[in-house]
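Biologist: I would like a close look at one part of this model, namely the aromatic rings and what lies around them. Please start with the overall layout, so that I can place that part in the chain.

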Amino acid sequence: MLEVSDAAGKDSMRLVTWNCAGKFREKFELVSRLEADLYVIQECEDPQVCRHEAYREFASHGLWTGEKPYKGLGIFARNGTSLSRLDWAPYCLRHFLPVRVNDSWNLLGVWAAKPHIEEYYVDYAFVAPQRLLSCEIVQDECFACSDHRPLVVDIAL
């Protein structure tokens with residue numbers, strides 16, 4: 001549980017993280033039934049270049065990063081939740097997205113993508129983010145989530 005105070009006055013938030021394995025534009029409606037405040041989605045397409053209008057609307061309050069427009073990492077906000085991108089050095093992380101949530105706490109989204117083979121997955125998904133979180137640049141509390149397994153969590157604020 002992440003203990004933080006929320007500037008927006010919320011008592012708790014629901015966060016979903018999921019590696020959708022591509023074509024999130026065809027799957028986001030199912031995931032949105034979970035009614036989360038934040039969705040961290042690995043392997044999703046860039047909503048800015050996607051032609052699927054409903055997906056673009058779903059992702060309109062989110063941030064995305066990636067090397068290819070059809071596969072990257074997105075953090076999407078709902079229910080009045082605000083996001084702002086943080087300017088953190090990558091420290092060996094290829095696909096990561098650090099954001100500030102409601103101007104009160106930090107969230108680090110991670111996609112442990114290929115070419116990182118299975119032996120390196122644990123290091124990339126768990127150890128490397130912990131190294132980043134222990135650096136001096138991260139001065140506030142931060143919740144890190146990767147695509148190690150699907151997760152739905154209620155965070156008490």
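Modeller: Helices and strands here are runs assigned by DSSP, with at least four residues for a helix and at least two for a strand, and they are numbered from the N terminus. With that rule, the order of elements from the N terminus on is β-α-β-α-β-β-β-β-β-α-β-β. The protein chain therefore holds three helices and nine strands. The model is predicted. Of the 157 residues in the protein chain, 48% are buried. Among contacts with a separation of 6 or more, 57% are between residues 24 or more positions apart.

Now the rings. There are ten aromatic pairs. One of them joins F24 and F58, with ring centres 5.9 Å apart. Two rings count as a pair if their centres lie within 6.5 Å, and planes over 60 degrees apart make the pair edge-to-face. The planes of F24 and F58 stand at 65°, so this pair is edge-to-face. F24 sits in the loop between β1 and α1 (28-31), while F58 belongs to helix α2 (residues 53-58). The two are 34 residues apart in sequence, so the pair ties together separate parts of the chain.

F24 is buried, with a relative accessible area of 0%. F58 has a relative accessible area of 3%, and because buried means under 20%, F58 is buried as well.

F58 also pairs with F28. Their ring centres are 5.2 Å apart and their planes are at 45°, so this pair is tilted. The F28 and F58 pair again links distant parts of the chain, with F28 in helix α1 and F58 in helix α2, 30 residues apart. Both residues are buried. F58 therefore takes part in an edge-to-face pair with F24 and in a tilted pair with F28.

These pairs belong to a wider group. Ring pairs link W18, F24, F28, Y39, Y55, F58 and F76 into a cluster.

Next to consider is S32, a residue in the loop between α1 and β2. Leaving aside neighbours within four places in sequence, S32 is in contact with Y39 and F58, and both of these are named in the ring cluster. S32 is partly exposed, with a relative accessible area of 27%. A polar atom of the S32 side chain lies 2.8 Å from the backbone oxygen of E29. From C-alpha to C-alpha, S32 is 9.5 Å from R78 in space, although the two are 46 residues apart in sequence.

E35 is also found in the loop between α1 and β2. E35 is exposed, with a relative accessible area of 63%. E35 has a positive phi of about 50° although it is not a glycine. E43, in strand β2, has a positive phi too, near 70°. E43 is buried, with a relative accessible area of 15%.

The cores come next. The largest nonpolar core has 17 residues, and L38, I75, L83, V99, V101 and L107 touch the most other members. Elements giving two or more residues to this core include β1 (12-19), β2 (38-44) and β4 (71-77). Apart from it lies another core, of 15 residues, among them A36, Y39, C44 and F76. Y39 and F76 are also members of the ring cluster. In the largest core, L83 reaches across the sequence: not counting residues up to four places away, L83 touches F76, L38, I75 and V99, among others.

C44, named in the core of 15 residues, raises the matter of disulfides. A disulfide is a covalent bond between the sulfur atoms of two cysteines. The whole structure has zero disulfides. The closest cysteine sulfur to that of C44 is in C20, 5.8 Å away, which is too far for a bond because a disulfide needs sulfur atoms within 2.5 Å. C44 is buried, with a relative accessible area of 0%, and C20 is buried with 2%.

To return to the part you asked about: F58 is buried, pairs with F24 and F28, and is in contact with S32.

Technical notes:
Residues are numbered from 1 along each chain as its sequence is written. This is a predicted model: local features need pLDDT of at least 70, side-chain atom pairs count only at pLDDT 80 or more; totals for chains, interfaces and linings use all residues. Side-chain values use heavy atoms; hydrogens and water are left out. A nonpolar core is a set of buried Ala, Val, Leu, Ile, Met, Phe, Trp, Tyr and Cys residues joined through side-chain atoms within 4.5 Å. Buried means under 20% relative accessible area, exposed over 50%, partly exposed in between (1.4 Å probe, protein chains only). Contact means heavy atoms within 4.5 Å. Rings of Phe, Tyr and Trp (its six-membered ring) pair if their centres lie within 6.5 Å; planes under 30 degrees apart count as stacked, over 60 as edge-to-face and the rest as tilted. A polar contact is a pair of N or O atoms within 3.5 Å; within protein, one must be able to donate a hydrogen and the other to accept it, and residues adjacent in sequence count only if both atoms are side-chain atoms.
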